Amino acid sequence: MRKHLNILYHFIRLRVSVPEDVQDIVQDVMLSVWQSLASFQENARFKTWVLGIANHKIQDYFRKKYRRKEENMEDPAAFQNAGEGEESVERAIIRTDMRQAVAALKQADQELVFLIFHAELNYAEISQLTGMPTGTIKSRMAGIKAKLRQSLGEKYHG
């Protein structure tokens, strides 16, 4: 689990903006993984299975939140720094511009970008996780890439 903890945390953080709630959900997911480990089937990658459990726990979180009606659902946080260490100022600026361009996308598009580039899932795994047909994922990613190229292209090429 340690190997997947960072991806798990950021996946949950995309949809849940309250850090304490994110931590609670991470703990719930880890407990569920531990309790359900015997039911894990080798036909899926372990990471995909864990993110599927996280997806259900996030849905449970929002169901409870809506039922209580204590507060409005908040917007998902922008992507967190994915790497550590020093980097050049130019590279840091490009990373910031990329994060801003991704943050300007719809939440569902941000999630696809995260699953592909940060969680490193393939289209079939994302289809299994989300229930979305693989062809739909491919076409949505083509549109997302075009939007990002346009957004970043204006800044760097025009």
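pLDDT is the predictor's confidence in each residue, on a scale from 0 to 100. The views below come from a predicted model.

**View 1. Confidence along the chain, with residues 69-87 under 50 in pLDDT.** The protein has a mean pLDDT of 80, and 80% of its residues reach 70 or more. Among its elements, H2 has the highest mean pLDDT (93) and H4 the lowest (76). For residues 69-87, the model has 34 contacts beyond four places in sequence. Where pLDDT is low, the predicted coordinates should not be read in detail.

**View 2. The largest nonpolar core, with 39 residues.** The members that touch the most others are Leu8, Ile12, Val16, Val29, Leu51 and Leu115. Two or more residues each come from helices H1 (5-15), H2 (19-36), H3 (46-68), H4 (89-103), H5 (107-118), H6 (123-130) and H7 (134-157). H3 contributes the most, eight residues.

**View 3. Surroundings of Leu8.** Leaving aside residues up to four places away in sequence, Leu8 touches Met1, Val26, Val29, Met30, Val50, Leu51 and Ala54. Of these neighbours, Val29 and Leu51 are also among the core members that touch the most others.

**View 4. Helix H5 and the loop after it.** H5 has 12 residues and reaches 15 Å from its first C-alpha to its last, close to the 16 Å expected at 1.5 Å a residue. Its buried residues are Asp109, Gln110, Glu111, Leu112, Val113, Phe114, Leu115 and Ile116. Glu120 lies in the loop between H5 and H6. Its phi is near 55°, a positive value in a residue other than glycine. Glu120 counts as exposed because its relative accessible area is 54%, over the 50% cut-off.

**View 5. Aromatic pair Phe46 and Trp49 in helix H3.** The structure holds five aromatic pairs. In this one, the rings are tilted, 5.7 Å centre to centre with 45° between the planes. Phe46 and Trp49 are three residues apart, about one turn of the helix. Phe46 counts as partly exposed because its relative accessibility is 23%, whereas Trp49 is buried at 18%; the cut-off for buried is under 20%. Phe40 joins Phe46 and Trp49 in one aromatic cluster.

**View 6. Aromatic pair Tyr61 and Phe62.** This pair is edge-to-face, with 4.9 Å between the centres and 70° between the planes. Tyr61 is buried, with a relative accessible area of 12%. Phe62 is also buried, with a relative accessible area of 13%.

Notes
Residues are numbered from 1 along each chain as its sequence is written. This is a predicted model: local features need pLDDT of at least 70, side-chain atom pairs count only at pLDDT 80 or more; totals for chains, interfaces and linings use all residues. Side-chain values use heavy atoms; hydrogens and water are left out. A nonpolar core is a set of buried Ala, Val, Leu, Ile, Met, Phe, Trp, Tyr and Cys residues joined through side-chain atoms within 4.5 Å. Buried means under 20% relative accessible area, exposed over 50%, partly exposed in between (1.4 Å probe, protein chains only). Helices (H or I, at least four residues) and strands (E, at least two) are DSSP runs, numbered from the N terminus. Contact means heavy atoms within 4.5 Å. The expected span of a helix is 1.5 Å times one less than its number of residues. Rings of Phe, Tyr and Trp (its six-membered ring) pair if their centres lie within 6.5 Å; planes under 30 degrees apart count as stacked, over 60 as edge-to-face and the rest as tilted.
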